[in-house]
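Q: Please take a close look at one part of this model, the strand arrangement, and follow it to the ligand site. A connected account would be preferred to a list.

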Amino acid sequence: MLVVNDVTKKFGGMIALNNLSLEVRQGEILGIIGPNGAGKSTMFNVICGFYPVNSGQIIYKDKEITRLRPDQICYLGIGRTFQQLQALPSFSVLETVLTAGLSRLPFKESVKQAREILERVGLASVAELSSVALPPAQQRILGVAEALATQPELMLLDEAMTGLSRLESEDIIELIHQLNDEGITFAIVEHTMHIIMNLCQRVVVLNFGCNTAEGTPSEIIKNKDVVDAYLGAEVDFA
Ligand code: ADP
Ligand code: MG
């Protein structure tokens with residue numbers, strides 16, 4: 001569904017993605033793990049057109065998207081959440097989600113869609129609150145709601161469950177499973193191994209901007225080289 005082919009991204013002299021190749025397959029939930037600074041967020045930013053690549057191609061559903069703008073890539077069906085919380089102080093929760101939907105829908109329909117999404121993700125009761133007033137866990141869910149409003153076929157979730165309690169992340173895990181059953185493909189960056197084990201059929205390990213290992217979650221946690229050399233203390237095996 002999405003092919004990252006030999007992509008290099010440099011920031012000055014720093015190589016954040018180093019001839020990176022990987023694939024997200026239609027219908028799967030792909031986990032992406034690797035130490036801080038490995039290039040995971042940069043990869044999402046490059047896929048979504050926020051950063052230009054130095055070389056390589058990104059192909060989505062057989063179409064090259066490498067040099068498209070973020071709004072064009074979003075419109076093709078790739079939605080994403082951000083590692084850093086992005087709440088807009090002047091927007092209510094409802095306004096945040098309805099604004100995201102305006103790329104697809106006229107205003108009234110977008111309001112209706114936003115209400116349905118908030119109901120679904122459990123934020124309906126806080127729809128009128130300022131989005132910055134939400135606790136971090138709900139702001140992360142709001143990020144997912146916003147991405148959903150763009151009606152994606154592929155969702156890229158960047159540490160969407162970081163900072164959440166196990167109970168709080170269980171709600172998001174359940175939602176991801178449901179959305180996946182309904183046909184949305186996922187690529188998710190997470191540090192917590194039980195979340196990866198719970199959600200993903202396949203895992204890619206990034207290190208130094210390269211794809212250093214791929215396999216099922218159980219293959220990856222048994223791969224001593226991966227655990228010792230690449231993950232160390234960065235991945236939480238609890
Ligand atoms: P990860 O998400 O795997 O922790 P990142 O993709 O955020 O890693 O970062 C990869 C490397 O690229 C890091 O060394 C980081 O400092 C650098 N980097 C990321 N974004 C920028 C940027 N906008 N400008 C300069 N360097 C950046
Ligand atoms: Mg990151």
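In which sense, parallel or antiparallel, do β1 and strand β4 (residues 55–60) pair, and over how many bridges?

A: In this predicted model, β1 and strand β4 (residues 55–60) pair in the antiparallel sense over five bridges. Strands are DSSP runs of E with at least two residues, helices are runs of H or I with at least four, and both are numbered from the N terminus; two strands count as paired if DSSP finds at least two bridges between them. Residues are numbered from 1 along each chain as its sequence is written, while chains are lettered from A and ligands numbered from 1 in the order in which they are written. Local features need pLDDT of at least 70, side-chain atom pairs count only at pLDDT 80 or more, totals for chains, interfaces and linings use all residues, and side-chain values use heavy atoms, with hydrogens and water left out.

Between β1 and β4, Leu2 has Tyr60 as its bridge partner. Strand β1, which covers residues 2–11, is also joined to β2 by seven bridges, and these two strands run antiparallel. Along that pairing, Val4 stands opposite Leu22 of β2, and Phe11 has Met14 in β2 as its bridge partner. The hairpin of β1 and β2 has two residues between the strands, and Gly12 adopts a positive phi near 60° there.

These pairings belong to an open sheet of four strands in the order β2-β1-β4-β5, with antiparallel pairing. Its edges are β2 and β5 (63–64), each of which pairs on one side only. In general, the strands of a sheet pair through backbone hydrogen bonds, either parallel or antiparallel.

The bridge partners Phe11 and Met14 lead to the ligand site, since both are among the residues that surround ligand 1, where a shell residue has a heavy atom within 4 Å of the ligand. The other members are Ala16, Pro35, Asn36, Gly37, Ala38, Gly39, Lys40, Ser41, Thr42 and Tyr51. At least two shell residues come from each of β2 (14–24) and α1 (40–47), and α1 gives the most, with three. By class, the shell holds six nonpolar, five polar and one charged residue; Ala, Val, Leu, Ile, Met, Phe, Trp, Tyr, Cys and Pro count as nonpolar, Asp, Glu, Lys and Arg as charged, and the others, Gly among them, as polar.

Three polar contacts (N or O atom pairs within 3.5 Å) can be described. A polar side-chain atom of Thr42 lies 2.5 Å from an oxygen atom of ligand 1, and a backbone N or O atom of Ala38 is 3.2 Å from an oxygen atom of the ligand. An N or O atom in the side chain of Tyr51 lies 3.1 Å from a nitrogen atom of ligand 1. On its own, ligand 1 has 560 Å² of accessible area, of which the protein covers 62%, as computed by the Shrake-Rupley method with a 1.4 Å probe.

Definitions and conventions. A polar contact is a pair of N or O atoms within 3.5 Å; within protein, one must be able to donate a hydrogen and the other to accept it, and residues adjacent in sequence count only if both atoms are side-chain atoms.
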